Every structure is written in structure tokens, then in C-alpha cells.
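Thanks for coming. I will talk through one structure, starting with a term and then going on to the ligand.

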Amino acid sequence: MTDLEELEQEILGAVAAAEDERGLEAVRLGALGKKGWISERMKSLGTMSPEERKEAGPALNGLKDRVTRALEAQRGILREAALEERLRTERVDVTLPARPESFGTIHPVTQVMEEVIAIFGDMGFSVAEGPHIETDWYNFGALNIPPEHPARQEHDTFYLREKEDGSRMVLRTHTSPVQIRTMEGTKPPIRIIAPGRTFRSDSDQTHTPMFHQVEGLVIDETASLANLKGTLEAFCKAFFEVDEVKMRFRPSYFPFTEPSMEVDIGCSWEGGELKIGVGDSWLEILGSGMVHPNVIRAGGLDPDKVQGFAFGMGIDRIAMLKYGIPDLRAFFEADLRWLRHYGFSSVAMPSLAEGLTT
Ligand code: 2U9
């Protein structure tokens, strides 16, 4: 056997013996790398006589080709084997339960928001959202609350630093700016609810500086006070999960609605438990009214052609009423024991078909 044949056998043997791609790469470098066996021999061609080179050149090239092909073939085999091994060992049993077991719960505010969205969604309302930081116009002006209006003080507004032009942005004191923005961009009929965070500089037993509201707005050619009452009655029955609910509409005043009404629902205390729907006591749960013509105009619509009603309620408050949660401030303390006690399952989404609370 010639020296070259011996070298070829040795290299091909090492190729076949390589157990993984790293080992194979080492064999390749040893043969074809800069200082590899074959490369060194190639370099020696330069020192040979033309006759010697005529014989040795093609022999070396042939060897190089055969080794290259053997390396390719072995690489293919090793890759295939590695994939087979991964498929065999990394099997996932999709029938196993989720791990690690989840301890998180849905906050009562989120739960109630989802319930409210499910109820109004079923009545044909869509959900609208908007920025938390608003201009004076969207938070006040467009809602018929001019600069000197006392409602501005009642709203205890958080103002941002004055801008160069002297204007100040505000943290929205209600979700009403969302409805104005929707009116500007939507051709009636409009049927929306706007759930979200609101901010007022107010903090005591029943107020937190950040709280949650859901407001509703219906605008079309004929939306009436009767429609408003029907809508709110249907909402109360669905939300409190009762067949009948006593309701009282009290005249009130809001700059953005005329006439305006506050809505109470009947209730009673039975053995220290609040029962909602029947009884001789009243609980205030909502504010509402027919949208003021100035507000319709501010939204870019013509009050001689369209009309509508609006309502607003505090989500935190109705969550406390429905789920018997005594202290509002605990809502935002992130106390894990409280959250586990009052929280809801993260897999059951509220829906009217499956029940709001399962
Ligand atoms: C537009 C037109 C009218 C929204 C309304 C109320 C009455 C109301 C309070 C309930 C408890 C706020 O969270 S709370 O303190 N809200 O009483 N809100 S009517 O009226 C609108 C809104 C937007 C364009």
C-alpha cells in the first residue's frame, strides 16, 4: 500500500468513527485544515519536479475529493441521529396540567369590569378606550364644564406642569373624554361603554386618588329616557344576578346631562347581609341623564338631528356592593392574603351564557 493510500484509510476511518459533529470537525481540520495532512502534502507539490507533480497532483486532488465527500456524508448521518435523539428525549406531554401551579387570582376590579363588559356587550355596546392624560377641553370644556364652573372644584383635578403656551394637561377625572373622542370619529348610531382608570385628588374611607369608572353613551335619532331606564334596569338585574330589582330615579344635576338622574336600587339587610333588589332601603349606584345639547355639539354632532343618553358608575363601589368587600383602600394595597380571599379564578371569564360568576 502506498503512503497516500495508507493516509486515506486512516482519515476515512477517523471520519466513520466520529461520534458527533464536534469530533467530525476535528477530523476535518486534521486533514483539510491549514496545517492538515492533505494541505501539507499539497504544499509539497511546489518542491517536486514536473514529472513527479503530474502524478502526485491528481492523486492528492482525488484524495481531497473523496475525504470531502466522506465528511459531508458523515455530517448528514450525525445530524439526522442528533435530531432523532432530541425527538426521542424531548417529548412534551400536552395532556399534563399547566406547571407551575398558578397562585394568581383576578382582582375584583378586573372581574367586575369584565362582568360589566359582558353585560353591555350582550346589549350591543362596544368598548371604547382613551388616554389617561387629557387636555382641559376633552376632560372639561367639551363636557359643558366651562373654566369657572363649580364642578371643576368638585372634581379635585390632578394637573400636570404648565406647558409653554400656558395650557395644562390633566389626569382625566372621569372617562367621559373617551365618549367625546368617539363622537368625533363615529357616525351615529353610537353605543359604547368606556371602562377605565380615573383620577381625583381625594383620599378617605370611600375615595382613593385613582379609581375605576365605567360610563356609557348611546347616540342616535330617537334614544330616549325610557331607553335609558330600560337599559339600566337590564344592567342591574344582570349584574346583581336577580330577577327583579326595585329602582328609583332621583332628579339630580350634572353639567353634561339634562335632565340628570341619580339611580338607587332597593335593598335590605338580612342577618347582617346586604340583599340587593328588594327591601325598604336604597343604595345609590349610578348617575345618568340625557346628553346635553352642548355636549353633542362639542362631539361634532348636530343636537337637532341626534340625541342620546349617558350614564356613569364607580366600578370599585359596585364591586364592594356585589362581593361584600368592606374596605375600599384594601383594593390597592396588593396584600396577597386579601387578593387570595377576594380574587377570582383566572380561567373562568365572565359571560352571560356561562354565568358571570362561576
Ligand atoms: C358624554 C356625555 C355624558 C356620563 C355620566 C354620570 C352621570 C355620573 C358618576 C357616577 C359615580 C361618576 O364614578 S362616579 O363618581 N357619574 O353620575 N356620568 S352621566 O355622562 C356623559 C359622559 C360623556 C359625552
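One term before the details: a residue is called buried when its relative accessible area is under 20%, exposed when that value is over 50%, and partly exposed in between. Keep in mind that this is a predicted model.

Take Q213 as the first case. Q213 sits in strand β5. Is Q213 buried or exposed? Its relative accessibility is 10%, so Q213 counts as buried. The side chain of Q213 also has polar partners to look at. An N or O atom of that side chain is 2.8 Å from an oxygen atom of the ligand. The Q213 side chain also reaches the backbone nitrogen of T175, at 3.1 Å.

Now the ligand and what surrounds it. There are 18 residues around the ligand, and those that come nearest are Q213, F254, G287, A310 and G312. On its own the ligand has 560 Å² of accessible area, and the protein covers 86% of that. Which elements give two or more residues to the shell around the ligand? They are α8, residues 176-185; β5, residues 210-220; β9, residues 281-291; and β10, residues 307-314. The largest share comes from β10, with five residues. By type, the shell has nine nonpolar residues, eight polar ones and one charged one.

Let us follow β9, one of those elements. β9 is mostly covered, with eight of its eleven residues buried. Which strand pairs with β9 over nine bridges? That is β7, residues 257-270, and the two run in the antiparallel sense. In this pairing V263 stands opposite L286 of β9. β9 also pairs with β10, again in the antiparallel sense, over four bridges. There, the bridge partner of G289 is A310 in β10. You have met A310 already, among the residues that come nearest to the ligand.

Next, the cysteines. How many disulfides does the structure hold? The count is zero. Why does C236 not form one? Its sulfur is 12 Å from the closest cysteine sulfur, the one in C267, and that is too far for a bond. For scale, the cut-off for a disulfide is a pair of cysteine sulfur atoms within 2.5 Å. Looked at from the other side, C267 is in no disulfide either, and its nearest cysteine sulfur is that of C236. Both residues can be checked against the term from the start. C236 has a relative accessible area of 0%, so it is buried. C267 has 2% relative accessibility, so it counts as buried too.

Last, two residues from helices, to practise the term once more. V15 lies in helix α1, residues 3-17. Its relative accessibility is 3%, so V15 counts as buried. E25 is ten residues from V15 along the chain, and their C-alpha atoms are separated by 9.3 Å. R69 is found in helix α4, residues 50-89. Is R69 buried or exposed? At 55% relative accessibility, R69 counts as exposed. How far apart in space are R69 and F103? They are 57 Å apart, C-alpha to C-alpha, with their positions 34 residues apart in sequence counted as a separation.

To go back to the ligand: Q213 is buried, and its side chain has an N or O atom 2.8 Å from a ligand oxygen. That is the end of my part.

Methods: Residues are numbered from 1 along each chain as its sequence is written. This is a predicted model: local features need pLDDT of at least 70, side-chain atom pairs count only at pLDDT 80 or more; totals for chains, interfaces and linings use all residues. Side-chain values use heavy atoms; hydrogens and water are left out. A residue is near a molecule or strand if one of its heavy atoms lies within 4 Å of it. A polar contact is a pair of N or O atoms within 3.5 Å; within protein, one must be able to donate a hydrogen and the other to accept it, and residues adjacent in sequence count only if both atoms are side-chain atoms. Accessible areas come from the Shrake-Rupley method with a 1.4 Å probe; for residues, only the protein chains shown count as cover. Ala, Val, Leu, Ile, Met, Phe, Trp, Tyr, Cys and Pro count as nonpolar, Asp, Glu, Lys and Arg as charged, and the others, Gly among them, as polar. Buried means under 20% relative accessible area, exposed over 50%, partly exposed in between (1.4 Å probe, protein chains only). Two strands pair if DSSP finds at least two bridges between them.
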